[in-house]
Amino acid sequence: MINLIRPFPAPLDTLFEWQDGDHITHLDGRPLEDILDLYYYTPETSRTTLNIQRRTGELLRVEMDPGDIDAVTGCFAPMEFKTCACDCVFCFIDQNPDGMRDQIYVKDEDYRFSFLYGNYITLTSLGKKGIKRIIEQRMSPLYVSVHATDIDVRTRMLGIKRRIDVMAILKELTEAGIEIHTQVVLCPGWNEGPILEKTFRDLVALGAPSDGDESPFAAVCDRGFGYEGAEDPSEFDGDDQEMSMVGGIKSLAIVPVGLSAHREGLTKLDPVSADLAREVIDQVAGWQEEAKQMLGYSFVYLSDEFYLMTDQAFPPASQYDGFWQIDNAIGLTARLRDTWRETLEFLAEDDDLPTRPLTVLTGELAARAWRREFTPVLEAAQAPEVEVVGVENRFYGHSVTVAGLMGGQDLRRALLQLPPEPRRTVVLSPRVINSDGLTLDGLRLEDLAADQPHTLLVGEEDGFIDFWRELG
């Protein structure tokens, strides 16, 4: 069932007179669970019939051309996601400080949002119905939090009572043609060492062989009408049908556990030390070579924190293949460094380099990446000076150093501590402001910038150099 929250746009508003409480129940006689059903089952060439039920119980039938569906989706209420019933020992939601927006405290566990936006799910509440729908509607790729393939270890880490064999579910999905990206949150004393090696070997055994496609993740809403690969398999013959159903585990991301200062009453955990990080780097380097022999690509990837905390060199950008785990900060530093270098070289040829000095406020870990990887690139191109300020995270605690978890109050404090002269152009990471223009603690850009002399802007990542150049 899909709730309608506003009238259809003109000229489709003439099809029926919208009333508050209207909702779509069926498409061509087929019950609809949500908007994904509508996308999947809408025919591409023939007219379609929507059944609309009113709050009064009155039923309407509305005929539409398939191309009109895209025009009316903005009238549908957003999908409500299903919440997570796990009590993971490392869950960062449980480590949020008090007083934040209600949405920040909600844990989602919804395979639809994994498909649409790359949200990680544990598969603990999927059920047979969910598996059947994923396979039938080709919801691929999915993103799965594995953490350990050892059933007992994973059960304890997820804080659940029921023993669930995640490998059995992954095997069923991948054999049915679903592509899956996985992750491990590395918790010392829980899932490192032999447990981590078992996890790698179990997952790589289901690895998706290289198909030469290094395209990064794209949400369904960016793929055009309907679903990618949503064709009816019965329309294919022989090899074509087999190729259309190839699935497998495409990647394994390993990230260090994040520990805030707000862990009262939670399971005691230790952070990933530099020594352990070095061991894992060595382990993963060997596993990547094995994976290349098996699958033709690296398969397993470490978050940038491992290399920054140990001051070890990043792998070349090519080692990250399609950068499938970029939102896990895996390969982000290497990609930005190389992208910025290439852009600066093009601009230098046209004598069109940026001209304005900048000040960057960012997390302490990102500041380390700037000084070690980015600043030498800018200096080599003779770009203007960029002053980098690593901001202490008092909102979450000093052990949280990534840019994406900076609170507005900490950025505001750092901004006010800058000398008033000379007046600066100060740039923030786009990861500190959400799509509603808010920081994690609910401040807007104008709140951060109030009553101080500097210009405050939100920058870009891949497009940072062009953003900088356009400042004049």
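How many residues of strand S8 (residues 248–256) are buried? The legends below begin with that strand in the predicted model.

**Figure 1. Strand S8 and its two parallel neighbours, S7 and S9.** Strand S8 is mostly covered, with nine of its nine residues buried. Strand S7 (residues 179–186) runs parallel to S8 and is joined to S8 by eight bridges. Strand S9 (residues 300–302), also parallel to S8, is joined to S8 by three bridges. Ile-254 takes part on both sides: this residue of S8 is the bridge partner of Val-184, and Ile-254 stands opposite Leu-302 in S9.

**Figure 2. The open four-stranded sheet, in the order S11-S10-S12-S13.** The strands of this sheet pair in parallel. Strand S11 (386–391) and strand S13 (455–458) form the edges; each has a single partner strand, so one side of each is left without a neighbour in the sheet. From one strand to the next, the twist averages 25°. Strand S12 (residues 425–428) is connected to S13 by four bridges, and within this parallel pair Val-426 faces Leu-456 of S13. Helix H13 (residues 408–417) packs on the sheet, where H13 touches strand S10 (358–363) as well as S11, S12 and S13. The direction of helix H13 makes about 130° with that of S11.

**Figure 3. The stacked aromatic pair of Phe-200 and Trp-287.** The count of aromatic pairs in the model comes to 21. In the pair formed by Phe-200 and Trp-287, the ring centres lie 4.8 Å apart and the planes are at 5°. This contact links distant parts of the chain, since Phe-200 belongs to helix H7 (residues 194–204) and Trp-287 to helix H9 (residues 274–295), with their positions 87 residues apart in sequence. Phe-200 and Trp-287 are both buried.

**Figure 4. The rings of Tyr-320 and Phe-323, with Arg-335 over the face of Phe-323.** The ring centres of Tyr-320 and Phe-323 are 5.7 Å apart and their planes meet at 20°; planes under 30 degrees apart count as stacked, so this pair is stacked. Both Tyr-320 and Phe-323 are buried. Arg-335 lies over the face of Phe-323, at 5.5 Å from the ring centre.

**Figure 5. A lysine over a tyrosine ring, and a cluster of aromatic side chains.** The charged end of Lys-250 sits over the ring of Tyr-297, at 4.9 Å from the ring centre. Elsewhere in the view set, Trp-340, Trp-370, Phe-374, Phe-464, Phe-467 and Trp-468 are linked into a cluster by ring pairs.

**Figure 6. Asp-338 in helix H11 (residues 332–349).** Asp-338 has a relative accessibility of 26%, a value between the 20% limit for buried and the 50% limit for exposed, and therefore counts as partly exposed. The C-alpha atom of Asp-338 is separated by 7.7 Å from that of Ala-317, a residue 21 positions away along the chain.

**Figure 7. Model confidence and the segment of residues 217–244.** The protein chain has a mean pLDDT of 90, and 93% of its residues reach 70 or more. Over residues 217–244, pLDDT stays under 50. For this segment the model has 39 contacts beyond four places in sequence. Where pLDDT is low, the predicted coordinates should not be read in detail.

Definitions and conventions: Residues numbered from 1 in each chain as written. Predicted model: local features only at pLDDT ≥ 70, side-chain atom pairs only at ≥ 80, totals over all residues. Heavy atoms only, no water. Phe/Tyr/Trp six-rings, centres within 6.5 Å; stacked < 30°, edge-to-face > 60°. Buried < 20%, exposed > 50% of the residue type's maximum accessible area, 1.4 Å probe, protein only. Lys NZ or Arg CZ within 6 Å of the ring centre and 35° of its normal. Pairing = 2+ DSSP bridges. Axes fitted to C-alpha atoms, helices over the stretch in contact; angles between N-to-C directions. Contact = heavy atoms within 4.5 Å. pLDDT = per-residue confidence, 0-100.
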